Amino acid sequence: MKSILPAGPKGFEIFRIIQLAAISPIAFFDEIHRKYGNISFFEVLRKRFLFLFDPEDIQRVLQTNHSNYTKSIFYKELKPLLGIGLLTNEGNFWKNQRKLIQPTFHREKMLHYVDIMREESEEMVQEVRSNLSKSQTQEIDVSKQFMASTLQIVARAVFDVDAKNQVGMIGAKLEEYLHAAIERIRSPFSAPLWLPSRSTWRVKKSAKAIHDWIVGIIQEKKLNPGKDLVSMLWEVRDEETQEGMSLNQIRDEAVTMILAGHETTSNALTWALYLLAQNPPKFQKFEEELEKLKSLELRPDTISQFTYARMIIDETLRLFPPAWVVERKSIKEDTLGGYKIRPNTNISISVYKLHHDPRFWSDPEIFLPERFAPNRTPPKPFTYFPFGGGPRICIGNAFAIWEAVILLVSFCRNFRVEPGSREMKIDPSITLRPKSGLYLKVISKK
Ligand code: HEM
């Protein structure tokens, strides 16, 4: 084991690279890997930062030695909104909550969610159609459409309420929150959350508006339970203590599901359409599958027949992983890449970088759904991990894949897409999204 530290920027170079991280986080990870290799380190304002690009080291942090790590300082910024929901919770409390919540994603529950997804996909098609001009062709912001549809789906799965009238308000509040949080994450000089300041006021104000809306619905669900996640959470009991979940805990879990479960899937769908618009031969191949299966209803037992749709989603999640960076903090000493890593070191893992790495992918920048054909060898562990890995792997991954396939198939059965006239700019924020929406030329097929 080497007692020296991994290579990394020093002195003034640190400030230059932090600036780059704020302006262009993707270029930042590229540069840090190119200059310093698979493991690199720097220390600034007494905070230690480590960057990992080797799949084995990443597997150690996320999976084989996961108990040595907690979520990083980055997740702290989500706490005013998410409290101690699954994404931000830790230790035994997290383990217990995960065990209690896992059954709400079991197959029989998923059947109900699929009904919601199908109904909402039909609704989405109607909305897009009503937005098209008489010529049946128009440039529309597909990201806005998917954001509304995925929010509506997750709100119905979590609360069984038709949130359509409030989707606009909640979407805007979530957006406002994430905007304020990312500004704080990117600035090393943000005031701590307990200190009154403009930025802490903004995050707390939008968190409160969302909480107020959600708490009312959760209380109502206790009196009138349905098939939704919140009603199930009111029912669950701890195996040992037989205690149920508190109102605040259910609120934190519900708001976590809403946040974690809509923007990520919406971004995946937006990028899938973007890639299809850019690659007409792949779109044509998809249309051949849609034609072959044109009378097949989207049901849990038929979804797997849409093989090419699934391959498109898998490849989109490689090129544009919505959760593009995963972070941890060491709580005990560990050895990574042959170096001794001290406790209290923040660790950044760029999923995006690994997914674009020529060591693991031939022609990494090319959109090639065929990489994920069912007869192909699956990628090596932690070279492809859009849903994270280890015990904290995304709890909603099956939900997300079914939802993405259903919405993509429904959209493309009705519309074709071509590149829009506005330039696409990528915005690596908390999730990887297009900056200022994504306008595509949408052409009705009917
Ligand atoms: C394409 C869509 C999605 C992507 C790419 C995605 C990605 C991820 C990733 C990478 C993590 C792990 C974060 C970490 O280790 O720090 C995660 C966790 C999580 N995701 Fe997802 N997610 C998606 C959809 C969903 C959906 C639909 C839901 C819920 C309905 C959901 C709920 C959660 C929750 C609750 C966690 C925390 C799990 C835990 O720590 O136990 N996600 N997601």
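The paragraphs below lead through a sheet, a helix that lies across it, and the surroundings of a ligand.

This is a predicted model, in which local features need pLDDT of at least 70 and side-chain atom pairs count only at pLDDT 80 or more, while totals for chains, interfaces and linings use all residues. Residues are numbered from 1 along each chain as its sequence is written.

The open sheet has 5 strands in the order 1-2-8-5-3, with mixed pairing, where two strands pair if DSSP finds at least two bridges between them, and where helices (H or I, at least four residues) and strands (E, at least two) are DSSP runs numbered from the N terminus. Strand 1 (39–44) and strand 3 (69–71) are the edge strands, each pairing on one side only. From one strand to the next, the twist averages 30°, angles running from 0 to 180 degrees between N-to-C directions of axes that are lines fitted to C-alpha atoms, for helices over the stretch in contact. Within this sheet, strand 5 (residues 325–330) and strand 8 (residues 345–350) are antiparallel and share 5 bridges; Glu327 has Ser348 in strand 8 as its bridge partner.

Helix 3 (residues 55–64) lies across strands 1, 2, 3, 5 and 8, and runs at about 125° to strand 2 (47–52); contact here requires that the C-beta atoms of two residues, placed from the backbone, lie within 7 Å.

Around the ligand there are 23 residues, of which Gly261, Thr264, Gly388, Cys394 and Gly396 come nearest, a residue being near a molecule or strand if its C-beta atom, placed from the backbone, lies within 6 Å of it. Helix 12 (247–278) and helix 16 (397–414) are the elements that give two or more residues to this shell, and helix 12 gives the most, with 7 residues.
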